[in-house]
Amino acid sequence: MLAARDIHRHFEGMHAVDGVSIEVMPERITGLIGPNGAGKSTLLAVLAGTLPASSGTIVFQGEDITRLPAYQRARRGLVRTFQLPSEFAQLTVLENLMVAAPDNRGESLLGALLGKRYWMPDETRLVAQARGLLKRFGMNAKESDYAGTLSGGQKRLVEIMRALMLRPKLLLLDEPMSGVHPSIVDEIAGYLETLRDEGLTILMVEHELHMVDRLCDPVVVMAQGKVIGQGGMAALRKQPEIVEAYLVG
Ligand SMILES: Nc1ncnc2c1ncn2[C@@H]1O[C@H](COP(=O)(O)OP(=O)(O)OP(=O)(O)O)[C@@H](O)[C@H]1O
Ligand SMILES: [Mg+2]
């Protein structure tokens, strides 16, 4: 589905991503793990196009997308979320989903800021799509709440729903469980499993290894900008150099 070849990304001599090649297989949740500073978020940003690669090539669904800006990758179905929630605190939950929708910029953003009464009729389709997601993620009662008032877990769900508004084929998630109360972690994991079972492909950075065990197969391990191993989690746990790099890292 996605193949990245020999990706490099430097920051003034600092090799954040240092020659990474990975392949993402369709309809699976691929895990991306590694110690702090391994380059996981940088790799995700390069794949999504929010950060240009210093070198390397990225092929998505048979097309070389290396030079495409993020919004054109998103149009093709490659969408990311951020490690820190990026919701608009002063907009309602529904508005947050609306402004994430494709071709929903400019006047529509103004519309969202003015409130739902002013949305154009052709946006009712997007409202329906947003409400469908809210229902599905158990957030319909929060539709009119300001996103800034939500719990950590609810903000994560908004982040995921915002990405889903773009109807991705491959969703890149950066620590979707971080800052989430343990009671909601299971709920989010369940949603991700359902999305996968429906055919969505996911590449996910995650620190919680029991979640990686549950959700991710295969798993790619990064340390110091390089891939140091990949495969099933059970097999990776048997490789001392990986355990060491990850736990000591
Ligand atoms: N914009 C930037 N400018 C300079 N250095 C950066 C920038 N972004 C990341 N880095 C550096 O690149 C390295 C990799 O960072 P990155 O955020 O990709 O790691 P990570 O694996 O996501 O870590 P974490 O688990 O802490 O989120 C780090 O040393 C980081 O300080
Ligand atoms: Mg990170």
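Between domain 1 and domain 2, the count comes to one salt bridge, meaning a side-chain nitrogen of Lys or Arg within 4 Å of a carboxyl oxygen of Asp or Glu. The model is a predicted one, with local features needing pLDDT of at least 70 and side-chain atom pairs pLDDT 80 or more, while totals for chains, interfaces and linings use all residues. Residues are numbered from 1 along each chain as its sequence is written, and side-chain values use heavy atoms, with hydrogens and water left out.

As for the domains, domain 1 takes in 2–86 + 168–248 and domain 2 takes in 88–149, with bounds from an automatic or database domain assignment. Seven residues of domain 1 touch five residues of domain 2, contact being heavy atoms within 4.5 Å. About 490 Å² is buried between the two, 46% of it from carbon and sulfur atoms; this is the accessible area (1.4 Å probe) that two parts lose on being put together, summed over both. On the domain 1 side, Ser-86, Tyr-191 and Leu-195 lose the most area to domain 2, together 63% of what that side buries.

Next comes helix 5 (helices being DSSP runs of H or I, at least four residues, numbered from the N terminus). Leu-126, Val-127, Gln-129, Ala-130, Leu-133 and Leu-134 are buried there, that is, under 20% relative accessible area with a 1.4 Å probe, protein chains only, whereas exposed means over 50%. These buried residues cover an arc of only 160° around the axis, so they sit on the same side of helix 5. The face turned away carries the exposed Thr-124, Arg-125 and Lys-135. Cover for the buried residues includes helix 3 (93–100) and helix 6 (152–164). Just after helix 5, Gly-138 has a positive phi of about 65°.

How values were computed:
Chains are lettered from A and ligands numbered from 1 in the order in which they are written. Helices (H or I, at least four residues) and strands (E, at least two) are DSSP runs, numbered from the N terminus. The arc is that of the directions from the helix axis to the C-beta atoms.
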